[in-house]
Amino acid sequence: MADETYNEILPDPGFDIDKNNTAVVITDPQRDFLSEDGVVWAVVGASVVENNTVQHLSELLTAAHAGGFPVFVSPH
């Protein structure tokens, strides 16, 4: 891996990640899908909980920031 400082934070993807041309992009993280009081929680809530989606998003953002990667969130 090109930079060992984030190797401890992120799992090895099997290829080099270059901070100069890599970013984390999260598309449309809506409250209606990720929150118990969201309008579609009854439909997607079990999957969100089972897959630890909110926790994993938090871990991803924490790791990206700690590794110095730019993070972009597209609201729609």
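**Exercise 1. Determine how many helices and strands the protein has, and in what order they run.**

Solution. The model is a predicted one. Step one is the count: the secondary structure comes to three helices and two strands. Step two is the order, which from the N terminus on reads β-α-α-α-β. Step three is to place the elements along the chain. Strand S1 covers 24–27, and helix H1 covers 31–34. Helix H2 spans 41–50 and helix H3 spans 53–66, while strand S2 takes up 71–74.

**Exercise 2. Describe the protein as a whole: what share of its residues is buried, what is its accessible surface, and what share of its contacts joins residues at least 24 apart?**

Solution. Begin with burial: 18% of the 76 residues count as buried. Next take the surface, which comes to about 5,500 Å². Carbon and sulfur atoms account for 55% of that surface. Last, consider contacts between residues at least 6 apart in sequence; 48% of these join residues at least 24 apart.

**Exercise 3. Find which residues form the salt bridge, and state whether they are buried or exposed.**

Solution. Side chains of opposite charge can pair when their charged atoms come close. The structure holds one salt bridge. Its partners are arginine 31 and aspartate 37, with the closest N and O atoms 2.6 Å apart. This distance meets the cut-off of 4 Å. For the second part, arginine 31 is exposed, and aspartate 37 is exposed as well.

**Exercise 4. Work out the surroundings of threonine 22: where does it lie, and which residues does it touch?**

Solution. First, the position: threonine 22 lies in the segment before strand S1. Second, the exposure: threonine 22 counts as partly exposed because its relative accessibility is 26%, between the limits of 20% and 50%. Third, the contacts: leaving out residues up to four places away in sequence, threonine 22 touches Ile17, Phe69 and Pro70. Fourth, the polar contacts: the side chain of threonine 22 reaches the backbone oxygen of aspartate 18 at 2.7 Å. The side chains of threonine 22 and asparagine 21 are also joined by a polar contact, of 3.4 Å. Fifth, a pair distant in sequence: threonine 22 and valine 71 are 49 residues apart along the chain, and their C-alpha atoms are separated by 9.5 Å.

**Exercise 5. Identify what lies around lysine 19: over which ring does its charged end sit, and how far is it from glycine 67 in space?**

Solution. Start with the ring. The charged end of lysine 19 sits over the ring of phenylalanine 69, 6.0 Å from the ring centre. Then turn to glycine 67, which is in the loop between H3 and strand S2. Glycine 67 is buried because its relative accessible area is 3%, under the limit of 20%. Lysine 19 and glycine 67 are 48 residues apart in sequence, and C-alpha to C-alpha they are 8.5 Å apart in space.

**Exercise 6. Examine the positive phi values of aspartate 28 and asparagine 52, and say where these residues are found.**

Solution. The background is that most residues other than glycine have a negative phi. Aspartate 28 is not a glycine, yet its phi is positive, about 60 degrees. Aspartate 28 is found in the loop between S1 and helix H1, and with a relative accessible area of 29% it is partly exposed. Asparagine 52 also has a positive phi, near 50 degrees. Asparagine 52 has its place in the loop between helix H2 and helix H3, and at 42% relative accessibility it counts as partly exposed.

**Exercise 7. Place valine 49 and decide whether it is buried or exposed.**

Solution. Valine 49 has its place in helix H2. Its relative accessible area is 51%, so valine 49 is exposed; the limit is over 50%. As for distance, valine 49 and leucine 34 are 15 residues apart in sequence and 9.0 Å apart in space, C-alpha to C-alpha.

Note on methods. Residues numbered from 1 in each chain as written. Predicted model: local features only at pLDDT ≥ 70, side-chain atom pairs only at ≥ 80, totals over all residues. Heavy atoms only, no water. Salt bridge = Lys/Arg side-chain N within 4 Å of Asp/Glu carboxyl O. Buried < 20%, exposed > 50% of the residue type's maximum accessible area, 1.4 Å probe, protein only. Lys NZ or Arg CZ within 6 Å of the ring centre and 35° of its normal. Helix = DSSP H or I, 4+ residues; strand = E, 2+ residues; numbered from the N terminus. Contact = heavy atoms within 4.5 Å. Polar contact = N/O pair within 3.5 Å; in protein donor to acceptor, adjacent residues only side chain to side chain. Areas by Shrake-Rupley, 256 points an atom, 1.4 Å probe, with all protein chains shown as cover.
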